[in-house]
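Trainee: I have a new model open on my screen and would like to walk through it with you. Shall we start with how the chains meet?

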Amino acid sequence: MDAQALALSLKLAVGTAVLLLPLAVVVGRVLAWRRFAGKPAVEALLALPLVLPPTVLGYYLLVTFAPTSTLGALYQSLVGTTLAFSFEGLLVASVIANIPFAVQPVQRGFESIATEVREAAWLCGMSNWRAFWRVELPLAWPGLLTAFVLTFAHTLGEFGVVLMVGGNIPGETRTVAIAIYDRAQALDDHAAGVMAATLLALSFAAIGVVYWLDRARRHRG
Amino acid sequence: MGSGGLSVVLRQLAPIPLDARFACGPGELLALVGPSGSGKTTILRAIAGLVRPRSGEVRCNGETWMDGAAFSPPQARHVGLVFQSYALFPHMSASGNVEAALPVSLGRAARAAAARELLEFVHLGGLESRVPRELSGGQQQRVALARALARDPKVLLLDEPFSAVDQVTRRRLQRELAQMRQRLRIPIVLVTHDLEEAAALADRMVVLHRGTTLQDGPPLEVLARPKNALVARLMDFRNLFHGEVVAQDAAAGTTLLRWEGHDLEATHRSEYAVGSRVCWGIQPAHCVLHRRDRPSRGERENPVGGVIGEYLPFGENASVTLWVDGRREVELRFSVPAHVGARNGLATGVEARVSLLRDALHFMPYEPLERLPGPTGEPAVDPDRARS
């Protein structure tokens with residue numbers, strides 16, 4: 001059991017979910033309620049990581065992170081290291097790869113709030129900000145929680161993007177998913193098996209929470 | 001309009017055409033009536049600031065909420081609105097819903113006390129801690145009302161507030177509104193498509209069709225004296241015909257109307273010259289059956305006979321369609337108590353006579369009747385084609 005890889009995976013999964021959630025709230029809320037030209041295109045673009053082979057996404061991110069690219073060069077001049085093959089780069093890649101897993105549940109969460117309920121909040125004298133905290137967030141929270149859990153679980157299992165962008169550096173970019181592959185290649189079936197079972201249990205627990213929450217919400221109806 | 005009420009002028013062509021103008025004084029209950037899609041809800045939403053029509057003015061208590069330049073957001077208007085769906089906050093208790101509309105500056109304890117008082121006012125004492133899904137439709141409606149009143153509104157808007165509850169609850173809530181309004185000295189605007197409800201509750205009624213205000217007056221007046229055939233149709237005026245003024249006698253106070261070969265005597269209406277064509281109508285209640293069991297002197301008043309085309313018992317009354325002079329295309333509708341119908345042997349195919357009460361003949365300017373919508377606003381159907 002590669003404890004270091006497991007710790008790294010958990011750190012990456014929590015970090016991705018924490019960074020992505022506020023972004024998903026902003027984007028998902030706009031997509032839920034605003035109508036604007038080009039909205040289907042925006043939604044399609046945000047859903048793209050769902051269908052894109054992880055290696056394709058990873059390849060483009062790798063090219064973008066390279067010190068020869070504008071972004072890569074800017075990052076290197078500011079921080080002094082490259083984004084590629086670093087934990088920070090992995091985090092950025094993971095955030096991008098998980099956009100649909102976070103944005104879509106949040107969007108559904110906000111869509112489930114009746115327009116009239118929001119209007120009632122304004123008519124109660126609540127500012128937009130107060131209506132957001134007092135009415136919108138409490139009603140959209142199952143969507144937010146689903147987004148958090150899905151992002152967390154999906155990041156734990158991400159393989160292609162991590163391998164492309166991060167490689168296999170112990171303590172820096174070697175996640176459990178990579179470590180399993182690594183151990184299986186080395187014919188270390190025991191280690192691979194223990195880690196695979198751990199990941200299975202964690203993923204099952206996370207997805208179980210999503211379904212349980214959904215059921216609880218329906219019962220509350 | 002004085003400073004103490006609401007005055008509304010709204011105009012736009014799209015997305016929903018509006019050409020509405022009305023006012024509502026403090027303590028007055030005004031009913032906006034019209035078929036679905038006539039713009040009633042849009043007008044309420046414009047008063048509340050939830051939509052901004054292209055042009056118009058909304059003023060209340062001397063404040064301008066909207067005109068060509070200014071537009072106050074809903075938060076700044078102090079409007080109490082009871083939505084058709086109630087739109088309660090599902091995650092808050094009844095008390096929480098009401099407290100949400102009370103000023104934060106009041107402090108927690110004062111808000112809780114005020115919420116309790118408002119819930120008592122709408123007869124919901126003891127249910128403060130229930131969340132909306134634990135309340136019946138009628139109880140939810142009362143929470144919505146208490147919440148609307150919590151902001152000390154300058155105007156109260158009710159959007160079909162009784163449409164989602166059963167009939168027994170509806171009657172009780174209607175009675176409560178009638179009692180409550182005596183204690184509210186603010187303008188109340190009630191949107192409804194129920195003419196009886198409007199007549200029972202409102203001081204004044206504004207008839208809307210496709211966003212345009214057609215007539216404004218006391219409900220009984222509008223119901224009895226629609227100003228044109230369209231309003232008459234929307235007011236469910238069953239008997240609507242064309243006729244021609246053939247004589248005027250100011251001294252005798254009568255106007256003579258020729259209709260399908262009958263000369264009908266009506267109260268003098270000087271504005272229609274001899275020879276002019278008119279629309280005219282009479283409410284079913286003013287067509288009086290000549291009773292075989294009890295003939296009366298009133299039978300000389302505009303007698304009209306024919307064959308009963310349809311006799312339909314309906315509850316305590318029976319609805320009767322008379323084919324005047326046996327002509328199927330001239331239908332006169334009226335109703336009689338079912339026991340009277342039975343005693344006089346009324347049935348489909350039987351001959352009958354009625355008197356059209358002179359004072360109840362209502363004249364309106366001439367217009368073709370075929371293209372008028374039905375009372376629910378749907379396009380007219382060719383009656384002959386519909387029958388075949």
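Trainee: How many residues does the contact take from chain A and from chain B?

Mentor: Happy to help, and keep in mind that this is a predicted model. Residues are in contact here if their C-beta atoms, placed from the backbone, lie within 7 Å. By that criterion, the contact takes 16 residues from chain A and 17 residues from chain B.

Trainee: Which element gives the largest share of the side of chain A that touches chain B?

Mentor: Two elements of chain A give two or more residues to that side: α7 (115-123) and α8 (128-157). By class, the side has ten nonpolar, three polar and three charged residues. The largest share, six residues, comes from α7(A).

Trainee: Now for chain B: how many residues of domain 1 are in contact with domain 2?

Mentor: Chain B is divided into domain 1 (6-229) and domain 2 (235-387). Their centres, taken over C-alpha atoms, are separated by 38 Å. On the domain 2 side, 14 residues take part in the contact, and on the domain 1 side of chain B the number is 13.

Trainee: And which helix gives the largest share of that side of domain 1 of chain B?

Mentor: The side divides into seven nonpolar, four polar and two charged residues. Three residues, the largest share, come from helix α7 (residues 219-224) of chain B.

Trainee: Which residue takes a positive phi in the hairpin of β4(B) and β5(B)?

Mentor: Strands β4 (residues 55-60) and β5 (residues 63-66) of chain B run antiparallel and are joined by three bridges. One pairing is that of Val58(B) with Met66(B). The hairpin has two residues between its strands, and the one with a positive phi, near 50 degrees, is Asn61(B).

Note on methods: Residues are numbered from 1 along each chain as its sequence is written. Chains are lettered from A and ligands numbered from 1 in the order in which they are written. This is a predicted model: local features need pLDDT of at least 70, side-chain atom pairs count only at pLDDT 80 or more; totals for chains, interfaces and linings use all residues. Domain bounds come from an automatic or database domain assignment. Two residues are in contact if their C-beta atoms, placed from the backbone, lie within 7 Å. Helices (H or I, at least four residues) and strands (E, at least two) are DSSP runs, numbered from the N terminus. Ala, Val, Leu, Ile, Met, Phe, Trp, Tyr, Cys and Pro count as nonpolar, Asp, Glu, Lys and Arg as charged, and the others, Gly among them, as polar. Two strands pair if DSSP finds at least two bridges between them.
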